Number of protein chains: 2
Amino acid sequence: MFDSFKRYISNKAKLTNQELDKIQSLSIEKKFRKKQYLLQAGDICKHHTFIVKGCMRLYRISNKGVEHVIRFAIEEWWMGDKESLNTGQPSRSNIDALEDSEVLMWTKENHQILLDEIPAFNVFSERVQARSLASSYNRIYTTISLSAEEKYHDFIQTYPNIFNRVPLHMIASYLGVSRETLSRIRNQFTSK
Amino acid sequence: MFDSFKRYISNKAKLTNQELDKIQSLSIEKKFRKKQYLLQAGDICKHHTFIVKGCMRLYRISNKGVEHVIRFAIEEWWMGDKESLNTGQPSRSNIDALEDSEVLMWTKENHQILLDEIPAFNVFSERVQARSLASSYNRIYTTISLSAEEKYHDFIQTYPNIFNRVPLHMIASYLGVSRETLSRIRNQFTSK
DNA sequence: CGATTCTTTGAAAACAGTCAATCTGTGTGG
DNA sequence: CCACACAGATTGACTGTTTTCAAAGAATCG
């Protein structure tokens with residue numbers, strides 16, 4: 001399982017074998033079955049998680065009891081609640097597996113050790129974080145500027161590998177649109 | 001002008017006088033008049049900017065020619081297009097001053113020097129970045145989960161110091177709602 | 001096969017956007 | 001100091017989009 005990660009990170013950061021060994025030695029391999037929670041609201045998020053295989057979602061539940069997907073993640077993406085991880089406060093979000101998944105995890109403390117001891121890993125991590133901030137701004141922009149139909153098309157263009165793996169009602173939730181509306185949008189589109 | 005920054009950062013990071021001097025020596029003091037651009041779409045963002053006084057907004061213009069505010073920033077907030085700063089690519093966003101403003105700026109390179117040479121500054125910066133990621137997730141959540149009216153109330157609760165300083169139509173733009181709708185929501189509310 | 005889970009459809013109601021006109025306050029130049 | 005222009009806010013009428021509710025139809029999984 002670590003080999004996948006090795007291949008991934010070797011493209012992004014120049015690491016010696018020793019450094020890779022160190023990263024591996026602090027990692028935890030885990031499997032999650034479909035529907036299994038990686039994090040529940042109220043829990044304190046303790047790990048940085050890298051998805052080797054599978055698909056997950058991070059979502060919150062509103063006070064009306066409705067689920068709202070904040071983001072999806074698939075192979076070679078990072079997952080976790082950065083806020084809870086950072087503050088040590090209970091998370092407001094849930095994370096669960098949408099498919100049987102394999103992940104690598106590092107505790108906050110061990111992750112910090114890697115950041116401190118391996119400069120290239122630090123640079124790499126900052127780049128990951130910068131990119132996730134950029135993509136969240138893009139998401140904000142599309143969410144406030146596009147119509148439901150445009151959002152849907154933007155989504156399948158931006159995440160072609162996700163839209164065909166997750167149920168439509170979750171995409172609707174992600175886009176902030178009712179599932180009925182999204183179903184109609186999609187059918188109206190295919191009939192053209 | 002640097003004194004304000006000194007007071008701000010001294011609360012958040014333990015820095016020696018030498019370190020503060022170093023930070024100051026690499027800083028640029030600038031003033032922006034109301035309506036003046038700090039960054040225009042197409043420019044490459046070269047600086048990290050700290051707002052000492054005033055109010056700014058970061059926004060994009062859609063292909064229909066409509067402005068969409070991605071975020072506001074006031075005293076003691078950081079501003080800049082992290083994406084462009086990081087990638088060196090032209091920015092898709094604009095930043096301008098909503099009030100006469102005073103800022104401190106550091107070039108990307110000088111900022112990096114500070115991160116490398118001053119561990120406490122590095123830790124501090126990471127915390128800032130983590131917080132901005134967290135707040136952007138919160139924004140995504142409220143944007144997809146709340147109605148226009150709820151969004152407005154959430155906004156004035158979350159940013160009481162901003163809503164009374166910026167024009168209503170910009171708040172509408174920020175919330176992804178037409179200004180007429182927001183105007184109606186607000187009046188309906190005050191008449192209760 | 002039976003039970004979930006997911007998607008689709010219809011009809012009504014709620015909601016938000018658009019267009020156009022008016023109103024308000026602010027600041028600028030003569 | 002006034003008149004004017006301008007940016008911003010409001011209002012009404014209308015249109016269009018999206019939600020909601022309810023029911024039924026696929027698809028998937030054990």
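**Notes on a two-chain model with DNA strands C and D**

1. Let me start at the DNA. Sorted by character, the residues of the surface near DNA strand C comprise 4 nonpolar, 6 polar and 6 charged. Please keep in mind as you read that this is a predicted model. There are 16 residues around DNA strand C, and those that come nearest are Leu168(A), His169(A), Ser183(A), Ala148(B) and Thr181(B). Two or more residues of this surface come from each of these elements: helix H8 (168–175) and H9 of chain A, and helix H6 (148–158) and H9 of chain B. H9(A) provides the largest share, 6 residues.

2. Now for the other strand. DNA strand D is surrounded by 16 residues, with Ala148(A), Ser178(A), Thr181(A), Leu168(B) and Ser183(B) the closest. Here at least two residues each are supplied by helix H6 (148–158) and helix H9 (179–190) of chain A, and by helix H8 (168–175) and helix H9 (179–190) of chain B. The element that gives the most is H9(B), with 6 residues. By character, the surface near DNA strand D has 4 nonpolar, 6 polar and 6 charged residues.

3. How are the two protein chains related? Chain A superposes on chain B after a rotation of 180 degrees, with 0.0 Å of shift along the axis and an RMSD of 0.0 Å. This is the relation of a two-fold axis. The copies meet through the same surface, because 100% of the interface residues of chain A are also interface residues in chain B.

4. It is worth looking at that contact from the side of chain A. Chain A and chain B put in 21 residues each. On chain A, strand S5 (67–74), helix H3 (82–87) and helix H5 (119–145) each supply at least two residues of the side that touches chain B. H5(A) accounts for the largest share, 13 residues. In character, this side of chain A divides into 8 nonpolar, 9 polar and 4 charged residues.

5. Chain B offers a sheet to trace on your screen. Its 4 strands form an open sheet in the order S1-S8-S3-S6, with antiparallel pairing. Strand S1 (28–32) and strand S6 (78–79) of chain B are at the edges; each has a single partner strand, so one side of each has no neighbour in the sheet. S1(B) pairs with strand S8 (residues 101–107) of chain B in the antiparallel sense, over 5 bridges. Within that pairing you can look for Lys31(B), which stands opposite Glu102(B) in S8(B). Helix H4 (residues 108–117) of chain B packs on the sheet and touches strand S3 (47–53) and S8 of chain B, its direction making about 75 degrees with that of S8(B).

6. One residue to pick out is Ile74(A), which lies in strand S5 of chain A. Is Ile74(A) buried or partly exposed? A residue needs 20 or more C-beta neighbours within 10 Å to be buried; Ile74(A) has 19 inside 10 Å, so it counts as partly exposed. Leaving aside neighbours within four places in sequence, Ile74(A) is in contact with Ile51(A), Cys55(A), Asn161(A) and Ile162(A). Ser62(A) is 12 residues from Ile74(A) along the chain, and their C-alpha atoms are separated by 24 Å.

Note on methods: Residues numbered from 1 in each chain as written. Chains lettered and ligands numbered in written order. Predicted model: local features only at pLDDT ≥ 70, side-chain atom pairs only at ≥ 80, totals over all residues. Near = placed C-beta within 6 Å. Nonpolar A, V, L, I, M, F, W, Y, C, P; charged D, E, K, R; others polar. Pairing = 2+ DSSP bridges. Contact = placed C-beta atoms within 7 Å. Axes fitted to C-alpha atoms, helices over the stretch in contact; angles between N-to-C directions. Least-squares fit on C-alpha atoms with pLDDT ≥ 70 in both. Buried ≥ 20, exposed ≤ 12 C-beta atoms within 10 Å, placed from the backbone.
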